[in-house]
Amino acid sequence: MRIAIPCGEEGKIRRDLSGCTAFRIFELEGQEILRDYEMPVLEPGEKGILSILAACRVDAVICCEAQRLLKLALLGQGYLLHSGVMGTVEQ
């Protein structure tokens, strides 16, 4: 499974997913992290976010907040979405 978390300042989860400029991608097997890396969002907005998630073959997104239309787009594309999460990316 691959999980994407929007990166913010000082390693924190970015509050607004729509303005995300980079994701931290975690590749998991069971509960073990096999690897993680940061991937920049090269095109701003919904199109850029969906593009990078598809390119990285992400299964789920963990975020603090996502605008309604972006939530619908993510769910429509088959991504699992967990919102309302705050703290650092490492947590």
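A residue is called exposed when its relative accessible area is over 50%, and buried when that area is under 20%. Those two cut-offs carry much of this report. The model is predicted.

**Overall build**

The protein has 2 helices and 5 strands. Read from the N terminus, the order is β-β-β-α-β-α-β. The radius of gyration is 12 Å, close to the 12 Å from the globule rule for 91 residues, so the protein is as compact as a globular protein of that length. The C-alpha trace spans about 30 × 25 × 25 Å along its principal axes.

Of the 91 residues, 41% are buried. Among contacts with a separation of 6 or more, 45% join residues 24 or more positions apart. The protein exposes about 5,600 Å², and carbon and sulfur atoms supply 50% of that area. Charged side chains number 10 positive and 13 negative. The centres of these two sets lie 5 Å apart.

**Helix H2**

Helix H2 covers residues 68-76. Which of its residues are buried? They are Leu70, Ala73 and Leu74. Seen down the axis of H2, these buried residues fall within an arc of 95 degrees, so they line one face of the helix. The other side of H2 holds exposed residues: Arg68, Leu69 and Gly76.

What do the buried residues of H2 pack against? Their partners are H1, strand S4 (60-62) and strand S5 (80-82). Just after H2 comes Gly78, with a positive phi of about 95 degrees.

**Helix H1**

Helix H1 runs over residues 45-55 and contains Gly45. The buried residues of H1 are Gly48, Ile49, Leu50, Ile52 and Leu53. Their cover includes strand S1 (2-6), strand S2 (22-29) and strand S3 (32-40). S4 and H2 also belong to that cover.

Is Gly45 buried, exposed or partly exposed? Its relative accessibility is 25%. Partly exposed lies between the cut-offs of under 20% and over 50%, so Gly45 counts as partly exposed.

**After H1: Arg57**

H1 is followed by Arg57, which lies in the loop between H1 and S4. Phi of Arg57 is near 55 degrees, a positive value in a residue other than glycine. Why does Arg57 count as exposed? Its relative accessibility is 56%, and the exposed class needs over 50%.

**Pairs across the chain**

Two C-alpha pairs link parts of the chain that are separated in sequence. Gly45 of helix H1 pairs with Leu70, a buried residue of H2. Arg57, from the loop between H1 and S4, pairs with Ile25.

| Pair | Sequence separation | C-alpha to C-alpha distance |
|---|---|---|
| Gly45 and Leu70 | 25 residues | 9.1 Å |
| Arg57 and Ile25 | 32 residues | 9.8 Å |

**In short**

H2 has its buried residues on one face and exposed residues on the other side. The buried residues of H2 pack against H1, among other elements, and H2 is in turn part of what covers the buried residues of H1. A positive phi follows each helix: Arg57 after H1 and Gly78 just after H2.

Terms used. Residues are numbered from 1 along each chain as its sequence is written. This is a predicted model: local features need pLDDT of at least 70, side-chain atom pairs count only at pLDDT 80 or more; totals for chains, interfaces and linings use all residues. Side-chain values use heavy atoms; hydrogens and water are left out. Helices (H or I, at least four residues) and strands (E, at least two) are DSSP runs, numbered from the N terminus. The radius of gyration is taken over C-alpha atoms; the globule rule is 2.2 Å times the number of residues to the power 0.38. Buried means under 20% relative accessible area, exposed over 50%, partly exposed in between (1.4 Å probe, protein chains only). Contact means heavy atoms within 4.5 Å. Accessible areas come from the Shrake-Rupley method with a 1.4 Å probe; for residues, only the protein chains shown count as cover. Lys and Arg count as positive and Asp and Glu as negative; His and the chain ends are not counted. The place of a charge is taken as NZ of Lys, CZ of Arg, CG of Asp or CD of Glu. The arc is that of the directions from the helix axis to the C-beta atoms.
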